[in-house]
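Hi everyone, thanks for making time this morning. I'd like to walk you through one structure, so let me put the sequence and the model on the screen.

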Amino acid sequence: MVAVAILSIGILGFFGAFRFITKSVHASRSRTLAANLTQERIENLKNISYYSLLVTTSADVDNSFTPGITYDNVNYPPDTVAIGNIVYKRYTFVSLAQINNNVISTVTFTYPDTGMKQITVHVIWSEEGNQKKWSMSNLLENPNVAPLDCSYSGAVTRNTGGNLSGALVRVLQNPDWQAETDSSGNYTFRAHHGTYDLRASLAGFYDQTQASIGCVLGSNYIQNFALTQITTGQVSGNVWMNTNLVVAQVVVATYTWAGNNDTFAEVEYVSLYNPTTFAINIGDDITADQVSMNYQEEGGASSVPPGSWNFVHFSTYIPPLSYYLIANATAFMINGAVHNVDACYKNGANCDTSPDPAGTDFLKNNSAAQLIVGDPINWIAYDTICWDDGDTVATDAGAGLGTCEGTSIPNYNVPPLDGIGLGNMIVRVSSPGAPVLSLFGSYGSAYDSDDNRSDFRFPSDTFIGIPLNAGSVFDGEFPVIAGKPGIGALVTSNDSLSGSTVAYRDYIASTTYNLAFARYTIPAVSTGTWAVVIATNTYYKQISNVIVTANATTAIPNAATTPAEPYSGGVGQILSSHTLGGFVNGVVVDVNGSGVSGISVLAGGKATTTGANGRYFVQTSSGPIYVIANPNNANPVYIQDIAQVTLSAGEVATQNFTMLQGGLLTGYVTSGTTPLPNVVVAATLGGNQMGSGTSDTSGTFIIRNLSTGTYTIKPVLDTGQDSSPNSMSATVVSTSSVFVGTFTVAGSLGNIAGTITYKGEPLTTGALVLASSASIASVPSALAASSAPALTPLYAVSSKADGTYEIATRGTSTYTYNLAVYVPEIQGDGSVVITTKTWSGISVSPSATTNLDLTIP
C-alpha cells in the first residue's frame, strides 16, 4: 500500500508537469505565430513603393487594451487569420515619421512629408480567456526626398531703421529655398531640417550672411537682417610693364682717360638697364651672344651687325634692376669717376688685351643712326633707338633706317650739332611724372612709351654734355618706378559691386614733353578694404589693403597698401610677376545690351561678381575651364549660362554673356483623390532636361528659370508607376508663368490575388508563388545576376499565413501570365517533397486586381 501511494503521487506529479509543459508550448507557439503575422504584414507593405504606401488618415481604436490600439480602417482594414485553434486579428497603422536627436517620433498626416513612414502592426488573440497582443514597427524611407519640414521667417530692415521690401532671403546651400520680403519687410519660407547659411540681399545694399543657422524639424526659426546701404568711392592708379632690356644711355663720343687711365682717347659707350625681376643672360665669350646690338648709320654709310662687335664679357648676366655698361674700352673716366665696363669691344682685336680704344669708332658722332638691342639668335628686338642729325628730314633717322619707336630723337641746332655730337649723351628717363624727371640718376631708366623723343633726355637748352655717370653692374640695383605703359591691362577689385575696368592711354603734357602713361579708374567701389588685381599677358600684380572711403578717390599704391608706394606720390604699379594661370574677363548684359550688375560668375572654380557696368574679371587656372554666369540661378530673375574657355598660361580671355530672363511652369500631381508630394517633374527641350521641380505637400510643382521655348513636361516616376497624361507640352515666354495642368499618378502594376487550398484546407504553412509571361518550369530555374537582365521578368511572392496570396505584376493588355505554386511538405523521414501546380492565360490590367483562387492538387 505504501508503494502504491508513492507511485500514485509520482504519476499525479507527472501529469501536473505535463499539463504545464503543454501550456508553455502552446503559448510559445501562439507568440511565434503572432510575430510571424506581424512581420509578414510589414514586409508586404515595405515591398510597395514609398508613395504607394498610404498614410492612415481615418482611424479607429480597439479599447480592449490600455492604451487602445489605433488602426487604419480604410486603406488597410483589420483582417482575421485562423491557424489551428487560434484566431488572430491583425491591425495596421501607417504614419509619417521623423528622427530628431536619434529618437523616432510620428507626426500627423497633415504634416509635410518627412520622407519616412512608420508601419505599425498589432496582432491580438485570446489565450485561456486573456487577450494577448504582439506589436511590431518598421520604417520605409524615401532616400530621394528632402522634405520641407521646417521654416525660416523674419524681417529685413535698414541698419538705420525702416523696412526693406523686395529683399531676397535665401539658403546658400539650396537657392530654391528662398523668399522675397513683402511690403512690410517680412519673409517666410520652408526648408528641409538642418543647419544652413542664410543670406539677405538687395540692390544698393551690402549682402548680409548669417552662418550656421539651424532649422529644427517641425519648427520655425526667426532670423532678422539689418542691411547697410552701400556707399562707394573710386580707386585709381597707373600700370607699367617691364618685360625686357632697354637702352638707358648712349654716348657716341667723348674724350677722356681710358684703359688703365694712361690713355686720353675717344670713348663711346652704351648702358643697358634690366627693369625686370629676373636676371638676363647676355654672353660668356664661349657660346654665341645671347644679347647683342645692331648699329646702322644713316644711308648705310656705316653699320655694325650683331656678329661684328667682338665682345669680351666681364659680366655674363645682368641682375634685376641693374645697368650693364658696354664700351670700346675696359674702363674710362666720367665726371671724375672711373667706370669699369661689363663688356667691351674693339675693331679687329680683343679689348681686354688691347684696352686702348684707338681705332674703334663704331658709333658716329656726326650722323643720324639707329641702335637695336635684342636676341641675335632669333633676332627679336628688345629696344630700338633712333636719333637725327643736322641734315634735312629726308635723310634723317626714320628715313632708310628701318622701323623706329615713334618719333626719333631730334638734333640740337643751338649750338649746331650733327647727330648726338661729341661730349653729349642721350639718357632714358625714369618716369614721365614731372617730379621724377630729376630722379633718373637715382632710379632705373625704364620709361618706355615706344616713342624715342618722349622716352629720352637729349641735347637741348636745358640738357647738354654728360651730366650723369655711366651705369654698370658694379653700381648695384636702381629701383624701377615706371616702364612700358600697360595700356589695355585689366583691373578689378574684389569687392562685390565695382566689377572691372581697362587701363587707358593718358598723357602728362608740358611745353617740352607729351609723355604717355596708362591710367585706370575703378568707379563705384564699395567702401571697405579690398584687393586690386591688375593683369595683362602673362604678367599680373595684386595690391592688398586698399582702403576705400565714401565719395573719395583712393590712389594706389599708397603708404597703406601692400606693396606700398615706391616713393611719395608714386601711384604706378609695375607688373612683374608671372603666372601659370590665366584670366577671364567680359561683360554680362541683358537682352537689351545693358550691363547686369551683381551677377555671380564662376570661372574654373574661382568666383567674382559683375560690377555696376556688368563687367567682371577673374584670375583662374590655365587649361580648359567652364565659365558659369549666374550659377544655380543664384539671381532667380535670370537663367544660368555656361561657356567653356581654354586658357594658356598668362592668357587673358574674353567671355561675354547675355542673360535671359526665365519663365516658370506650374502644375499639380495627384493620386486622383489626394495630392502627391515629392514627385519630380522634368522639363525637356530637344531631348535635354532644362529644369525640374518637385511637388510640395499640396501637390504643386514649380519649374523655375526656363528660357523661352516649348517644353515637354513629364513626371519622373518610380518603377511600377504611371501617369495620366504621360506628358504635356507648354510654351514659355520670358518672365511668364504658365500653368501646365494636372498629372494623375497611379501604379502601373496590377495584382493577381486569391486563396490557396491544399488538400481541402487553407494553406497556412506558406508556398512559393511565381508569375511570368513565359513558361515556368516545374522546378524554378536558378537566376544569375549576369543573365537576369536578358530574361523575361519573373515575379515571386510567398503566400500568407491566412492561406491567401497577392502577387504584383505589370499590368498589360498585350500578353497574359502563367502562374505556378510550389508547396513544400516535410516527410516522416525528414525529406522534403514539393507539390507543384500551374495556371495559364491570366490577364492583369494596370492598377487592377485579378482574383484567382488556387486549389492544390
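Let's go straight to Trp309, which counts as buried because its relative accessibility is 0%. Please keep in mind that we are looking at a predicted model.

What is the ring of Trp309 paired with? Its partner is Phe362: the ring centres are 5.3 Å apart and the planes stand at 80 degrees, so this is an edge-to-face pair. The pair connects distant parts of the chain, as the two residues are 53 residues apart. Trp309 sits in the loop between β21 (303-304) and β22 (312-313), while Phe362 belongs to the loop between β27 (343-344) and β28 (369-375). Phe362 counts as buried too, with a relative accessibility of 9%.

That is one of 24 aromatic pairs in the structure. Another one I'd like to show you is Tyr540 with Phe583, where the centres are 6.1 Å apart and the planes make an angle of 50 degrees, a tilted arrangement. Tyr540 comes from strand β38 (residues 539-548) and Phe583 from strand β42 (residues 582-589), so this pair ties together parts that are 43 residues apart in sequence. How accessible are the two partners? Phe583 has a relative accessible area of 0% and is buried, whereas Tyr540, at 21%, is partly exposed. For those who like to check the class, buried means under 20% here, so Tyr540 with its 21% falls outside that class.

Aromatic rings also gather into a cluster: Tyr152, Tyr187, Phe189, Tyr221 and Phe225 are linked by ring pairs. Two of these names, Tyr187 and Phe189, come back when we turn to strand β11 (residues 186-191). Which residues make up the covered face of β11? They are Tyr187, Phe189 and Ala191, and the uncovered face carries Asn186, Thr188 and Arg190. β11 pairs with strand β8 (residues 150-158) in the antiparallel sense, over 6 bridges. If you want a register point to click on, Arg190 in β11 stands opposite Ser151.

Now for the sheets, and I've picked two. In the one I'll take to begin with, 4 strands form an open sheet in the order β44-β43-β46-β47, with antiparallel pairing. β44 (606-609) and β47 (641-647) are the edge strands; each has a single partner strand, so one side of each has no neighbour in the sheet. From one strand to the next, the twist averages 20 degrees. Inside this sheet, strand β43 (residues 600-603) and strand β46 (residues 623-629) run antiparallel and are joined by 3 bridges. Val627 in β46 is the bridge partner of Ala603.

The other sheet is open as well, with 4 strands in the order β52-β51-β54-β56 and antiparallel pairing. Which strands stand at its edges? They are β52 (688-694) and β56 (728-732), and since each has a single partner strand, one side of each is left without a neighbour in the sheet. Here neighbouring strands are turned by 30 degrees against each other on average, direction ignored.

Let me zoom in on β51 (residues 680-685) and β54 (residues 709-716), which pair in the antiparallel sense over 5 bridges. Thr684 lies in β51 and stands opposite Thr712 in β54. Thr684 is partly exposed, with a relative accessible area of 26%. There is also a C-alpha distance to note: Thr684 and Lys714 are 30 residues apart along the chain, and their C-alpha atoms are separated by 8.3 Å.

Last topic, the enclosed space. How many cavities of 30 Å³ or more does the structure hold? There are 2. The largest contains about 50 Å³ of space. Its lining is made of Trp387, Asp388, Ile409, Pro410, Asn411, Tyr412, Gly419, Ile420, Phe458 and Pro459. Sorted by class, that lining has 7 nonpolar, 2 polar and 1 charged residues.

The second largest cavity has a volume of about 40 Å³. Around it you will find Ile282, Val291, Ser292, Phe311, His313, Tyr324, Ile326 and Ala343. This lining has 6 nonpolar and 2 polar residues, and no charged ones.

That's my tour, and thanks for listening.

Key. Residues numbered from 1 in each chain as written. Predicted model: local features only at pLDDT ≥ 70, side-chain atom pairs only at ≥ 80, totals over all residues. Heavy atoms only, no water. Pairing = 2+ DSSP bridges. Axes fitted to C-alpha atoms, helices over the stretch in contact; angles between N-to-C directions. 1 Å grid on protein atoms, 1.4 Å probe; cavity = no way out; pocket = protein on both sides within 12 Å on 5 of 7 lines; lining within 4 Å. Points joined across faces, edges and corners; volume = space filled by probe spheres on them. Nonpolar A, V, L, I, M, F, W, Y, C, P; charged D, E, K, R; others polar. Phe/Tyr/Trp six-rings, centres within 6.5 Å; stacked < 30°, edge-to-face > 60°. Buried < 20%, exposed > 50% of the residue type's maximum accessible area, 1.4 Å probe, protein only.
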